[in-house]
Amino acid sequence: MPLDDVLKTLIAEAASEGEEGMFAVASTIVNRATRRRLTPQQVVNQPKQYTGRWRPDLDRFVAAQGPAIAAMAQRAWAKAQAAPLPGIDHYLTTDLYQSNPPSW
């Protein structure tokens with residue numbers, strides 16, 4: 001079964017962060033969708049929202065992660081749909097935060 005854009009986004013954004021990281025990203029998608037009254041698909045397809053979604057090699061990258069990562073993304077997405085982390089709509093890895101903290 002091909003993965004949809006939401007699951008591809010989770011993998012592109014947080015495969016290296018494991019299921020917990022993908023859950024955090026999934027929670028931002030759910031929370032943005034709720035707040036903006038959009039579908040999750042619409043949220044991830046908005047420009048400049050999730051940089052991983054727009055990787056030129058997205059399909060190749062996702063395929064290279066393998067079925068275990070795809071299964072983690074699916075579990076993280078299901079968990080976020082049932083009970084997202086409350087209130088979060090942005091995320092940043094610790095490494096990126098330490099090297100270049102965002103204005104928000």
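In this predicted model, one helix contact is formed by Val6, Thr9, Leu10, Ile11, Glu13 and Ala14 of H1, which meet Gly18, Gly21, Met22, Val25, Ala26 and Ile29 of H2. By class, the residues of this contact of H1 with H2 divide into eight nonpolar, three polar and one charged. Glu13 of H1 is the charged one, and the two glycines named in H2, Gly18 and Gly21, count as polar.

Two packed helices are described by the angle between their axes and the distance between the axes. Helix H1 covers residues 5-14 and helix H2 covers residues 18-36. Their axes come within 9 Å and cross at roughly 125 degrees. Because angles of 115 to 145 degrees fall outside the parallel, perpendicular and antiparallel ranges, H1 is oblique to H2. The crossing of H1 past H2 is right-handed.

H1 and H2 belong to a protein with five helices and zero strands. Along the sequence, the pattern reads α-α-α-α-α.

Values for the whole protein follow.

| Property | Value |
|---|---|
| Buried share of the 104 residues | 38% |
| Share joining residues at least 24 apart, among contacts between residues at least 6 apart in sequence | 67% |
| Accessible surface | about 6,400 Å² |
| Share of that surface belonging to carbon and sulfur atoms | 55% |

What share of the accessible surface of the protein belongs to carbon and sulfur atoms? Those atoms account for 55% of about 6,400 Å².

Note on methods
Residues are numbered from 1 along each chain as its sequence is written. This is a predicted model: local features need pLDDT of at least 70, side-chain atom pairs count only at pLDDT 80 or more; totals for chains, interfaces and linings use all residues. Side-chain values use heavy atoms; hydrogens and water are left out. Helices (H or I, at least four residues) and strands (E, at least two) are DSSP runs, numbered from the N terminus. Buried means under 20% relative accessible area, exposed over 50%, partly exposed in between (1.4 Å probe, protein chains only). Contact means heavy atoms within 4.5 Å. Accessible areas come from the Shrake-Rupley method with a 1.4 Å probe; for residues, only the protein chains shown count as cover. Axes are lines fitted to C-alpha atoms, for helices over the stretch in contact, and angles run from 0 to 180 degrees between N-to-C directions. Angles under 35 degrees count as roughly parallel, over 145 as roughly antiparallel, 65 to 115 as roughly perpendicular and the rest as oblique. A crossing is left-handed if the near helix is turned anticlockwise from the far one by less than a right angle, and right-handed if clockwise.
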